[in-house]
Amino acid sequence: MNRILATLSLACLATGLSAQCFETSFGTLLGSGDDAAFPSTSTALPMNITFPMSGGAFASYTHITVNTNGCAFLWNAATGVLGATATGYTTTVATQVTNLRGAAGGSARIAPLWRDLNMLPANNGGVWLNTSIPGKCVITWANAVQFGQTTPIFTLQAQLIEATGEVKFFYSGTAASSSATIVGVSPGNAVVAVPGVDLCPGPNLGSTSQLMFQQFTGGTLDLAGNGVSFFPNGSGGYDESCGACTPALNQNYGTGCYSIPSQGFYESFADAALASATLQGNAMQLTISGGSYSATWIPGGASLYVAPSGSALLLPTTDDGDTVVTPTGPLTVPGGTVGTLTVSHNAIITLGTPGNNSGDFSPTGPELAAAARGAFYSWHDYNDAETGSGRIKAEEVSGVLYLTWDGVESYSTPTALNPSTIQFQIDLASGAVTYVWVTVDGDTTSSFGSAHVVGYKGVGAIVDPGSTSLAALSAANFTHNPVLPLSLSASPTPVSTGSTGTIMTYTTSNIPEAGPSTGLYVSTTILSLGQDLLGTDLGPGAPGCNQHITTLDLFLPVMFGGPTDVAMFSIPAGVPAGFQFFAQSVALVIPFTLPNGQNPAGVTTSNGVKSTVQPF
């Protein structure tokens with residue numbers, strides 16, 4: 001399996017910036033651990049902004065202390081932070097509200113998720129502070145777990161916006177709490193208590209208090225993957241809104257080429273008399289043509305019959321049963337070989353095991369079409385276990401496997417002698433299969449019905465072609481193996497933070513063989529900054545194949561492998577949140593070698609993949 005590593009430059013990424021939730025640059029690591037305050041409960045760090053938050057001890061705030069337990073305390077000098085705590089978490093509903101309100105003269109505070117959190121170094125957990133962004137202070141609780149638990153691991157972020165006084169909270173898609181918790185904002189200073197609200201979906205409008213919060217019982221946190229914003233509303237309080245904050249994501253769009261299902265044909269005879277009138281004395285041959293069988297009707301072809309010799313193998317007698325037959329060498333089929341055949345005693349030869357329509361003695365065309373494997377059908381309710389019946393025989397002569405129903409009885413009511421002799425001649429090397437109908441019983445008296453279904457189907461369920469005249473099949477082609485569209489997928493999701501990136505794997509599947517029987521598969525993946533969502537058809541050179549990207553910005557190296565291959569691609573740290581880029585794979589084939597002679601340009605294309613970078 002080939003693995004290619006490519007790195008996308010930040011200069012290129014910057015051109016694709018879109019809306020963001022999390023700030024990807026977390027700034028400076030303040031520390032890790034459990035029940036810790038940074039820098040301490042009595043000092044504070046400058047925010048490099050003057051943040052307006054009226055209603056508290058001060059009209060604006062310049063400093064902050066951050067608690068590992070999902071809250072932070074604001075002050076306007078570095079001389080002390082009244083009411084800050086390294087713990088303060090509780091599962092008691094009233095105490096949670098008291099802690100958020102603070103004491104008289106106490107600091108303003110924000111609580112994205114005030115609970116007993118643990119910032120474990122083993123998880124790269126820690127509290128971060130970024131004061132380098134003009135007009136903004138960003139606090140991040142990265143890779144947190146609830147104390148005493150190992151999962152889920154989640155990330156929280158708070159942003160304070162100087163110009164508007166807005167407070168924003170963001171939650172990774174894994175955010176959860178198994179214990180009671182509180183989320184909200186408070187000016188501190190023993191603010192008057194108010195009832196809690198439902199933050200999400202929100203909105204909450206017209207509040208006259210800067211205390212706004214929601215309390216969650218264990219397991220009910222509904223903020224995962226969302227952002228919550230608190231806006232000063234000019235009435236002394238906040239308006240609040242909640243919206244989805246889309247995590248990093250890979251999304252498939254469009255379709256690849258080509259999708260060519262297996263095909264088949266059959267003629268359905270309502271009873272044995274109709275079947276006898278058409279089949280007896282005739283033959284039909286299937287020969288391999290590329291990825292297909294070509295079917296030819298042979299009038300008077302019963303003369304091709306080869307009588308079994310005395311050394312032919314007698315298959316065990318079994319009504320409606322199956323017998324596995326393994327030729328001395330593999331049978332050539334379109335696109336490969338098959339080592340074993342399942343011989344249904346009701347005259348179905350299935351390529352491989354288990355057999356198609358096993359045990360079914362009432363043949364119908366739709367059942368043929370729905371069967372799982374490729375198979376040859378002269379399907380009828382035979383009974384080689386009936387007293388006086390001839391036997392089903394298998395014999396190889398000069399590379400040809402002969403499977404003969406030698407005077408085998410059909411069901412009738414009452415039981416009567418009504419033998420048929422039919423033969424499948426299977427050339428193991430060339431793959432040609434000849435059906436020979438010497439005698440076909442016409443007795444229609446069976447209480448189970450005497451229908452025949454005669455034909456062929458390719459691999460997998462096929463579109464039911466309906467009954468068609470076998471005599472009209474001269475040189476008709478039927479695809480044996482389904483051609484699946486070239487497919488591209490990407491994993492894991494493209495996460496980029498201020499300190500970490502992601503190595504993505506692009507997997508290209510269903511790569512067509514570059515040429516019949518070459519064993520060579522050639523493909524590449526192309527990255528682009530533009531998306532063609534509907535796709536542009538590449539006809540006439542590659543009709544039915546769509547280009548789903550608008551520019552060819554980066555080619556990952558060409559792969560020479562198998563029908564599935566992978567390429568590695570590195571998303572660096574520091575990619576702006578919300579950046580999007582696109583990918584599509586291309587495979588090369590010898591022109592005109594695909595089934596039905598498609599694609600003179602010798603190229604097939606995959607679906608597109610849209611990747612959205614986020615820090616969670």
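I took contact to mean heavy atoms within 4.5 Å. With that in hand, I looked at how the chain touches itself: residues 24 or more positions apart account for 67% of the contacts in the protein chain with a separation of 6 or more. A note to self before going on: this is a predicted model.

**Overall build**

I looked up the secondary structure next. The protein chain has four helices and 44 strands. Then I checked its extent. The C-alpha atoms fill a box of roughly 110 × 55 × 40 Å along the principal axes. I also looked up the radius of gyration, which is 37 Å for this chain, while a compact globule of 616 residues would have one near 25 Å.

**Surface and charge**

How much of the chain counts as buried? I found 52% of the 616 residues. The exposed area of the protein chain is about 22900 Å², and carbon and sulfur atoms supply 58% of that. For charges, I noted 11 positive and 33 negative ones, with their mean positions 18 Å apart.

**Cysteines that pair up**

How many disulfides are there? The count comes to two.

I went to Cys200 and Cys242 to begin with. Their sulfur atoms sit 1.9 Å apart in a disulfide. The torsion about this S-S bond is about -60°, so I wrote the disulfide down as left-handed. The pair links distant parts of the chain, 42 residues apart. Cys200 is in the loop between β14 (181–186) and β15 (212–216), and Cys242 is in strand β17 (residues 238–244). I checked burial for both partners. Cys200 has a relative accessible area of 11%, so it is buried. Cys242 is buried too, at 17%.

Then I turned to Cys257 and Cys545. Here the sulfur atoms are 2.0 Å apart, and the two residues form a disulfide. Left-handed or right-handed? With 95° about the S-S bond, the link of Cys257 and Cys545 is right-handed. Cys257 lies in the loop between β18 (249–253) and β19 (264–269), whereas Cys545 is in strand β39 (residues 542–549), so this disulfide ties together parts that are 288 residues apart in sequence. Both Cys257 and Cys545 are buried.

**Cysteines without a partner**

Why does Cys71 have no bond to Cys137? The closest cysteine sulfur to that of Cys71 is in Cys137, 14 Å away, and that is too far for a bond. The cut-off I had to keep in mind is that a disulfide needs sulfur atoms within 2.5 Å. Cys71 is buried, with a relative accessible area of 1%. I then looked from the other side: Cys137 is in no disulfide, and its nearest cysteine sulfur is that of Cys71. Cys137 is buried as well, at 0% relative accessible area.

**A stop at Thr505**

My last lookup was Thr505, which I found in strand β36 (residues 502–509). Buried or exposed? Buried means under 20% relative accessible area, and Thr505 counts as buried because its value is 18%. Which residues does Thr505 contact, leaving aside neighbours within four places in sequence? I listed Ser489, Ala490, Ser491 and Pro492, along with Val566, Ala567 and Met568.

Note on methods. Residues are numbered from 1 along each chain as its sequence is written. This is a predicted model: local features need pLDDT of at least 70, side-chain atom pairs count only at pLDDT 80 or more; totals for chains, interfaces and linings use all residues. Side-chain values use heavy atoms; hydrogens and water are left out. Helices (H or I, at least four residues) and strands (E, at least two) are DSSP runs, numbered from the N terminus. The radius of gyration is taken over C-alpha atoms; the globule rule is 2.2 Å times the number of residues to the power 0.38. Buried means under 20% relative accessible area, exposed over 50%, partly exposed in between (1.4 Å probe, protein chains only). Accessible areas come from the Shrake-Rupley method with a 1.4 Å probe; for residues, only the protein chains shown count as cover. Lys and Arg count as positive and Asp and Glu as negative; His and the chain ends are not counted. The place of a charge is taken as NZ of Lys, CZ of Arg, CG of Asp or CD of Glu.
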